[in-house]
Amino acid sequence: MSISLSDADPQPGLRLDKLGNVLQGNLAAKELWIEHDLTNASGLLPTNVQALVKAALEQARAIEDVETRINHTILKWTFIPCLQTGQVLARGRDATADVLTHEQAVRSNRLYRVITENTTDLISRHAPDGRFIDATQASWRLLGYWPEELRGKLLEDIFQSDSATRQLTETRNRLRDDGYATMTLDLTHRDGSKRWFEIASRAIRETYTGAVVEVVSVSRDITARVASEDNNRRLADELARTARLAALGELASSIAHEMNQPLATIVNFASASQRYLKNADTHPEHLERVGDGLEKIIHHANRASEVIKHLRAFLRKGQKRTAAVQLNETIMNVTRLCQWEADKNNVDIICTPAKCEPTIIADPVLLEQVLINLIRNGMEANAEAHTNQRDNEGSRLIISTSINSEGETLIDVTDEGPGLDEQGIRQMFQPFYTSKPQGLGLGLSMSRSIIEGFGGFLDAQAAPTGGLTLTCRFPAAPANKRIQSMETAPNE
């Protein structure tokens with residue numbers, strides 16, 4: 001009895017001979033190889049298909065879950081032998097979502113372990129009424145409770161004071177209305193000592209009803225700073241600076257957010273290189289593109305490692321690796337790193353470097369990571385504004401350097417997105433605030449913290465293009481002032 005294939009089967013099926021050659025394919029398989037512009041159905045199968053067919057026939061057993069990747073589609077194949085005919089039925093299924101979800105879970109778990117093992121801040125999850133669901137090991141040092149002891153306890157059981165009860169009620173209302181909140185609370189540690197905490201919280205909502213189902217918080221001990229103040233005026237100044245501490249506190253949580261950028265770029269380069277490699281036999285010139293892709297994969301993998309190292313050092317308040325940074329060269333390097341993603345999204349990145357070669361003192365890796373974050377945000381804004389437009393010219397993103405009349409060094413990133421109103425611009429840099437359905441609201445807050453760490457400031461304003469201009473502003477230096485005066489001096 002021969003193997004039969006059905007065109008009604010939604011999954012691709014192929015009938016193979018004992019050498020692994022395709023004898024027949026059903027409609028789903030034909031549509032799949034046409035969709036991916038393959039020469040024939042054999043391009044859907046793993047490269048070791050002959051060995052798989054031989055093993056299935058000789059061992060008289062089905063071989064399951066053999067993976068093959070075609071562009072962005074991941075297939076899992078099962079090879080079922082028919083001993084009477086000496087043929088094999090290869091039946092595939094689209095496992096893209098399952099595999100990517102698993103890979104993301106593995107990455108997230110690895111990053112979560114890095115965060116929880118190294119951060120000195122308390123990261124915790126809460127039910128809508130404030131009960132602890134989970135907490136990191138820092139709870140013992142900061143509160144005097146192990147995570148197992150906190151589970152099920154109300155926040156009011158830990159922060160026992162009239163002012164704390166009032167603030168917790170106000171915070172729940174803000175989380176319900178705005179989705180994020182920051183507060184400063186005092187408590188008595190289990191050992192009897194008085195502690196002060198800055199807590200930034202983000203609400204997790206139910207998809208369809210919008211109801212708050214969980215709250216994620218990052219708590220930082222600011223006792224030493226508060227205790228150093230000897231009067232109410234200095235205490236008020238310290239509390240005004242706790243926004244900075246909150247941003248540093250949530251920096252640990254933002255590692256996962258920032259790591260998505262180099263990891264996504266690595267996946268893009270790997271997919272493109274794989275596609276070029278498959279066609280290398282007929283197009284030898286593609287090997288050069290493969291080499292270029294592998295070189296960029298190595299670069300971004302090293303960058304991912306450097307990002308973790310630098311962010312951990314930044315979080316621990318360690319010594320930054322500062323150096324003189326040539327901004328014109330930096331924006332050109334960043335542009336090259338983002339070029340493939342820009343091409344994919346039909347975005348034209350335009351660099352307009354200053355003629356005076358501005359230089360600042362900063363950590364080169366962290367500065368590049370900030371600029372990559374701003375460029376990616378700009379490309380996402382462009383994509384949002386151009387989704388329903390048939391514009392063959394795509395959209396533009398402009399990145400420039402300059403020194404203004406006051407001698408300040410500026411880096412501007414201007415997009416053609418939908419822009420924001422004044423309230424949106426005021427809120428966009430706050431921890432956990434985001435307008436993106438899948439966003440964490442950490443990227444811009446973290447970027448501002450890094451720029452402030454270099455003595456600068458990150459701000460935004462409406463752009464003439466209709467989008468936004470994000471500006472990294474660095475204070476005037478004597479060298480910059482001399483350069484500016486030379487540029488503005490009249491010709492003699």
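## Briefing: cores, helices and charged pairs

G443 is buried, with a relative accessible area of 7%. That value falls under the 20% limit for a buried residue. This is a predicted model. The protein chain has 492 residues, and buried residues make up 47% of them. The chain has 17 helices and 17 strands.

**The chain as a whole**

- The accessible surface of the protein chain is about 25700 Å². Carbon and sulfur atoms hold 50% of that surface.
- Take the contacts between residues at least 6 apart in sequence: 58% of them join residues at least 24 apart.
- A search of the whole structure turns up 18 salt bridges.

**The largest nonpolar core**

- The largest nonpolar core has 37 residues. Which members touch the most others? They are L374 and L470.
- Helix 14 (residues 364-386) gives this core its largest share, eight residues.
- L374 is in contact with V413, L444, L458, L470 and C472, leaving aside its neighbours within four places in sequence.
- Another core lies apart from the largest one. That second core has 22 residues, including A29, A55, A56 and I70.

**G443 and L374**

- G443 sits in helix 16 (residues 443-453).
- Along the chain, G443 and L374 are 69 residues apart. In space, their C-alpha atoms are separated by 8.8 Å.

**Helix 2 and its surroundings**

- Helix 2 spans residues 49-59. Its buried residues are V49, L52, V53, A55, A56 and L57.
- What do the buried residues of helix 2 pack against? They pack against strand 1 (13-16), strand 3 (63-70), strand 4 (73-82) and strand 5 (87-94).
- A55 and A56 are buried residues of helix 2, and both are also members of the 22-residue core.
- A60 comes just after helix 2 and takes a positive phi of about 50°.

**Salt bridges**

- Side chains of opposite charge can pair when their charged atoms come close.
- E149 and R190 meet in a salt bridge through their side chains, at 2.9 Å from N to O. E149 lies in helix 5 (residues 147-150), and R190 lies in the loop between strand 8 (180-188) and strand 9 (194-205), so the pair ties together parts that are 41 residues apart in sequence.
- E149 is partly exposed, at 31% relative accessible area. R190 is partly exposed too, at 47%.
- E170 forms a salt bridge with R166, and their closest N and O atoms are 3.5 Å apart. Both residues lie in helix 7 (residues 162-178). They are four residues apart, about one turn of the helix.
- E170 is partly exposed, with a relative accessible area of 36%. R166 is also partly exposed, with 45%.
- The side chains of E408 and R473 form a salt bridge of 3.2 Å, N to O. Why does this pair tie together parts that are 65 residues apart in sequence? The reason is placement: E408 is in the loop between strand 14 (395-403) and strand 15 (409-414), while R473 is in strand 17 (residues 468-474).
- Is E408 buried or exposed? E408 is buried, with a relative accessible area of 16%. Its partner R473 is partly exposed, at 33%.
- D65, R93 and D98 are linked in a network of salt bridges.

**Buried acidic residues with polar contacts**

- E198 lies in strand 9. E198 is buried yet has no salt bridge.
- How far from E198 is the nearest side chain of opposite charge? That side chain is R174, and it is 8.4 Å away. A salt bridge needs the nitrogen within 4 Å of the carboxyl oxygen, so this pair does not count as one.
- E198 does have a polar partner: its side chain joins that of T184 in a polar contact of 2.4 Å.
- D121 is placed in the loop between helix 3 (96-118) and strand 6 (122-126). D121 counts as buried, at 2% relative accessibility.
- The side chain of D121 makes a polar contact of 3.0 Å with the side chain of R220.

How values were computed. Residues numbered from 1 in each chain as written. Predicted model: local features only at pLDDT ≥ 70, side-chain atom pairs only at ≥ 80, totals over all residues. Heavy atoms only, no water. Core = buried A, V, L, I, M, F, W, Y, C linked by side-chain atoms within 4.5 Å. Buried < 20%, exposed > 50% of the residue type's maximum accessible area, 1.4 Å probe, protein only. Helix = DSSP H or I, 4+ residues; strand = E, 2+ residues; numbered from the N terminus. Contact = heavy atoms within 4.5 Å. Areas by Shrake-Rupley, 256 points an atom, 1.4 Å probe, with all protein chains shown as cover. Lys, Arg positive; Asp, Glu negative; His and termini not counted. Polar contact = N/O pair within 3.5 Å; in protein donor to acceptor, adjacent residues only side chain to side chain.
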